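Here are some notes for a colleague opening this entry for the first time. Please read them with the structure in view.

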Amino acid sequence: NSIVTRLFEGEPSHWVPSASLFLVESDMFLVAGRMMGHSFLHGGPRLSGLSPAVIHVLFGGSPETATVTLEDCPDLDIRQTISPVCPPIHKNRILEGESRLSDTQMERVQSLAYSWDLPCPTENNRKWLFEKLLPHAVLGRIARQIKQLRRGLKETPIWSLVTRRPDALPLLFPREEVSLCPQVVLQHITWPETDDGSDEDDDCSKETKWRLSGYLKQFIADATPPELKDMIKFWTGWENLPASLSVEIVHGNYPTAATCYETLRIPSRYRNYKSFTDDFLACISCTQTGFGLL
């Protein structure tokens, strides 16, 4: 359960499809494209932080006209190899002094350039070489992945929308994840009914519902941003906040979640806030290694 296969890699705002050959041959990016389209159409979570260069090519742009940055390269070894070849415009960020390549740097760049059928670097061609190495490192190695994503999106109605309305692209692929704060989370929650007209099959008293709801409200108010993120992922299966969240008070041993229905189920057995917090923190932390461990 601790092994996670990531379809996208890199850093926030610069996610790119994984270059894994196995994932391509398994048509995983085709499935991912379908999921993106259907999730958006049905009000579900969206993929945030995808590289603008990938979005540009995904929707018909040429790789030659894509704006690619070093941050878009998820392979740190390749990034470190390419960075010394950066033209002077990038020097204030990466290079110091005259930025002459050392023997080790020259050897690494030459090896990478030869493997991609490019000439060795010189003082005269380093800008041109950088402009060839970086796009290939980011886009050239994932051309098949992008094609599969495009095919998957085309199998959903979202494709016709974004091709006719390019201004909808930021809605489909937002730049950043919405930061979670207690006030925003609390506003999205539908709490258990506590009036006297509750369902006859519901044998939890209104005092129990008030107590457990109060525990959860206190936990959310005191939680750190990472804890809130883990809680939302445990609750819904995704880190992004949905339109609404539901809470149920049930009989059981530990907090559980029906992620498809965005419903958190809290056992009625807790009699103090500490025991609730200890169990709840343990449960939401299992999203790092897989559900069902508690």
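Notes on the predicted model

1. In helix 13, the buried residues are Leu228, Asp230, Met231, Ile232, Phe234, Trp235 and Thr236. The coordinates come from a predicted model, and that applies to every point below.

2. Helix 13 runs over residues 225-236, twelve residues in total. From its first C-alpha to its last it reaches 16 Å, close to the 16 Å expected at 1.5 Å a residue. An α-helix has 3.6 residues a turn, so residues three or four places apart point the same way. Just after helix 13 comes Gly237, which takes a positive phi of about 90°.

3. Asp27 also deserves a look: its phi is positive, about 60°, although the residue is not a glycine. Where is Asp27 placed with respect to helix 1 and helix 2? Asp27 lies in the loop between helix 1 (21-25) and helix 2 (28-41). Asp27 counts as partly exposed because its relative accessibility is 33%, and the limits for that class are 20% and 50%.

4. Glu262 is another residue other than glycine with a positive phi, here near 50°. The loop that holds Glu262 runs between strand 5 (256-258) and strand 6 (263-267). With a relative accessible area of 27%, Glu262 is partly exposed.

5. Gln148 belongs to helix 8, which covers residues 143-154. Is Gln148 buried or exposed? Its relative accessibility is 7%, so Gln148 counts as buried, the cut-off being under 20%. Once neighbours within four places in sequence are left aside, Gln148 is in contact with Leu23, Val24, Asp27, Met28, Phe29 and Leu30. One of these contacts, Asp27, is the loop residue between helix 1 and helix 2.

6. Strand 4 (residues 245-250) has two faces. Leu245, Val247 and Ile249 make up the covered face, while Ser246, Glu248 and Val250 make up the uncovered one.

7. Which strands pair with strand 4 in the parallel sense? Strand 3 (residues 189-190) does so over two bridges, and Ile189 stands opposite Leu245 of strand 4. Leu245 is also part of the covered face. Strand 6 runs parallel to strand 4 as well, and five bridges join the two. Val250, on the uncovered face of strand 4, has Pro267 in strand 6 as its bridge partner.

Notes: Residues numbered from 1 in each chain as written. Predicted model: local features only at pLDDT ≥ 70, side-chain atom pairs only at ≥ 80, totals over all residues. Heavy atoms only, no water. Helix = DSSP H or I, 4+ residues; strand = E, 2+ residues; numbered from the N terminus. Expected span 1.5 Å × (residues − 1). Buried < 20%, exposed > 50% of the residue type's maximum accessible area, 1.4 Å probe, protein only. Contact = heavy atoms within 4.5 Å. Pairing = 2+ DSSP bridges.
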